Amino acid sequence: MKKLLVLLALLPLMSFGQSAYLSQSCITPNTNGFNVGDIITIKFEGIYQSATPNLVQFDYQYNNKLLEKVDHTFTPTGQITGIQTTLNHWDGYKFNPDTRYGIDNLTKQHTWNTGANGSYPSNPDWSVERITIQSTKTLPSSTPWIYVRFRIKDKFPYGYTDYSKVTMLNWAKFQKQSPTTIYDVVAQNQTLALSPVKGGDAGTVFLRLYTPVPNKAYYTYRIEHTGTQQTVAQGYFDSTGTAAVPGLVNDVDYHVYVEVDNNIAWSWLNDVVTVSDAFLNFKQAIGASTTGPEDIANIFSYQIQYLLGEVTNDGVVDFDDSYVMLNHITGTTTSGWFTSSANGGKNVWGRIENYGASTDQYYFGQNQYIRPTDAEKVFDFVHGFQGDVDFSHSYVPTAEGSTNYNSSAMRTIASKAKIAANAETYNLEVSTSLVDGKVVLTTNLTMEQLAGIQFNIQYDQSVLEFDSVKFDTGNQATNFATPRGNTLYIGSLDSTGLTAIKTGTPYKLIFNTKTPITNTAGLIYFKLAEAVKQDGTKVILKIQ
């Protein structure tokens, strides 16, 4: 089928009349847009004033990848006397117009008039239908001649990006049979577009995760359809924090859950809440219990720190929360509401653009929802942990309104040093020696202004047995030493921050030996060594 031609026996006498219009229009209501799977109705009609055709013939084409024909209905025969109708259908062809004439000049696109022709090369994405209507009476103007119904298909499998051209008028012939008169026909609404069309396969949707934890492969995602509450996708982020998710539907709301996998992250979950977190919580509790300007009373620089620091599930950050954190760093777990190896990750997450900015809609800005569209396929999420007040393993909010201070003066006072991203480092000298058959570990501290220190120390239990620790930290600090399994939880904290840990040799650990040894190499390992300054600055201790 190179050409679809209508070769008619023409009478010797023929005249050309005034213009008429061939119109197509979608008459399905489009109040809120269309959806994939909707059935729409397109009507075709002629519009003219003094023309009097009783024979019309025209071709139109539709994109069979975007539309699936359902059926067609000609105008009821009772409305037009002596009507005869025909519809021919061909799949796999698309009109190639005669470029010597405007494509909206449907009469001159017809081969019988021009001596040339618009042609129909093969194209699998298009189907052509030829409509023929004739009657003994003049066909009515501005009255639908035929209705065609289509089902909207999903564009994604076929590579289309929109529904901007779903049908097109190709050529037309309007004729009065006696005396023979051919009318010039111009297309009205030559092409039809459907917009917006919602739904359909969203293709690949990307989730991107932001967290200071270097290996993002510890984290999982789960996507739930908000209407059905059914899980539609789940998996792991890759090491860079990206997840490519197929199978979602455009213009549908989904709830995204981002969590750490406790089974593979348990080894470092005890390191999330440390002495600096406990100290900041104590400082906040002290400030909240005093009178004075609100900004000065609050040590927290970000709104979400109130959520991260609330580890007793009572709705406020107070001394109870602070002591829960202190008990944790001393090796005792007294609450199930904060992150630890025993509790697992207590996850806090949301969209990066909202996270941390409290609203009535999103609690502490935790917008956990996505809606893929043709224009939006990438969604950025951030993650934090309950208890991680200094953001050592949690994202620091960047959303407007996420900070906890307003005046320019308070922006200066709220030092960035109070978050882990701006931690200082200090080389701590540690020595081990054999003294009277015992192994003695000694720390040599020269750094001043430290309000707290925490060591999680592991040792070879087949060789060593913990004996005791001698503290020389000063009179104000609370010291602790808790052996649990092969780990020693040792440190000190002045929760008020008014005094500093004494320099010199604040800690001397003594171990008994179970078997004779000649050296101490490889027997003791610092799993965690951190401190906090009196102003709240986190300090990473590098063991020398």
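**View A. Gly-536 in a loop between two strands.** Gly-536 is buried in this predicted model, because its relative accessibility is 3%, below the limit of 20%. The residue belongs to the loop that connects β28 (524-533) with β29 (538-543). Its C-alpha atom lies 9.8 Å from that of Ala-423, although 113 residues separate Gly-536 and Ala-423 in sequence.

**View B. The largest nonpolar core and the surroundings of Leu-207.** This core comprises 48 residues, and the members that touch the most others are Leu-207, Ile-223 and Trp-268. At least two core residues come from each of the strands β13 (205-210), β14 (219-225), β16 (242-245), β17 (254-260) and β20 (378-385), and likewise from each of the helices α2 (262-269), α3 (275-288) and α6 (319-329). Beyond its neighbours within four places in sequence, Leu-207 is in contact with several aromatic residues, namely Tyr-221, Phe-237, Phe-379 and Phe-381. Its other contacts of this kind are Ile-223, Gly-241, Thr-242, Ala-243, Val-245, Val-256 and Ile-370. A second core, separate from this one, has 36 residues, among them Phe-34, Ile-42, Phe-74 and Val-197. In soluble globular proteins, nonpolar side chains tend to be buried together.

**View C. The open sheet containing β13 and β20.** Four strands make up this open sheet, in the order β16-β13-β20-β18 and with mixed pairing. The edge positions are held by β16 and β18 (347-351); each has a single partner strand, so one side of each has no neighbour in the sheet. On average, neighbouring strands of the sheet are turned by 25° against each other, direction ignored. Strands β13 and β20 run parallel and are joined by five bridges. Tyr-210 has Val-382 of β20 as its bridge partner.

**View D. Strand β17 and its partners β14 and β19.** Because six of its seven residues are buried, β17 is largely enclosed by the rest of the structure. Seven bridges link β17 to β14 in the antiparallel sense, and Tyr-221 has Val-258 of β17 as its bridge partner. Strand β19 (residues 369-370) also runs antiparallel to β17, with two bridges between them; here His-255 stands opposite Tyr-369 of β19. Arg-222 is placed over the face of Tyr-257, 4.2 Å from the ring centre.

**View E. The aromatic pair Phe-44 and Tyr-60.** The structure contains 23 aromatic pairs. In one of them, the ring centres of Phe-44 and Tyr-60 are 4.7 Å apart and the planes meet at 40°, so the pair is tilted. Phe-44 belongs to strand β3 (residues 39-47) and Tyr-60 to strand β4 (residues 55-63), so the pair ties together parts separated by 16 residues in sequence. Both Phe-44 and Tyr-60 are buried. These two residues form one aromatic cluster with Phe-58, Tyr-62 and Phe-150.

**View F. The aromatic pair Phe-95 and Tyr-120.** The ring centres of Phe-95 and Tyr-120 lie 5.1 Å apart, with planes at 55°, so this pair is tilted. Phe-95 is located in the loop between β6 (84-93) and α1 (111-114), and Tyr-120 in the loop between α1 and β7 (122-134), so the contact between the rings ties together parts 25 residues apart in sequence. Phe-95 is buried, at a relative accessible area of 6%. Tyr-120 is also buried, with a value of 0%.

Technical notes:
Residues are numbered from 1 along each chain as its sequence is written. This is a predicted model: local features need pLDDT of at least 70, side-chain atom pairs count only at pLDDT 80 or more; totals for chains, interfaces and linings use all residues. Side-chain values use heavy atoms; hydrogens and water are left out. A nonpolar core is a set of buried Ala, Val, Leu, Ile, Met, Phe, Trp, Tyr and Cys residues joined through side-chain atoms within 4.5 Å. Buried means under 20% relative accessible area, exposed over 50%, partly exposed in between (1.4 Å probe, protein chains only). Contact means heavy atoms within 4.5 Å. Rings of Phe, Tyr and Trp (its six-membered ring) pair if their centres lie within 6.5 Å; planes under 30 degrees apart count as stacked, over 60 as edge-to-face and the rest as tilted. A charge sits over a ring if NZ of Lys or CZ of Arg is within 6 Å of the ring centre and within 35 degrees of the ring normal. Two strands pair if DSSP finds at least two bridges between them. Axes are lines fitted to C-alpha atoms, for helices over the stretch in contact, and angles run from 0 to 180 degrees between N-to-C directions.
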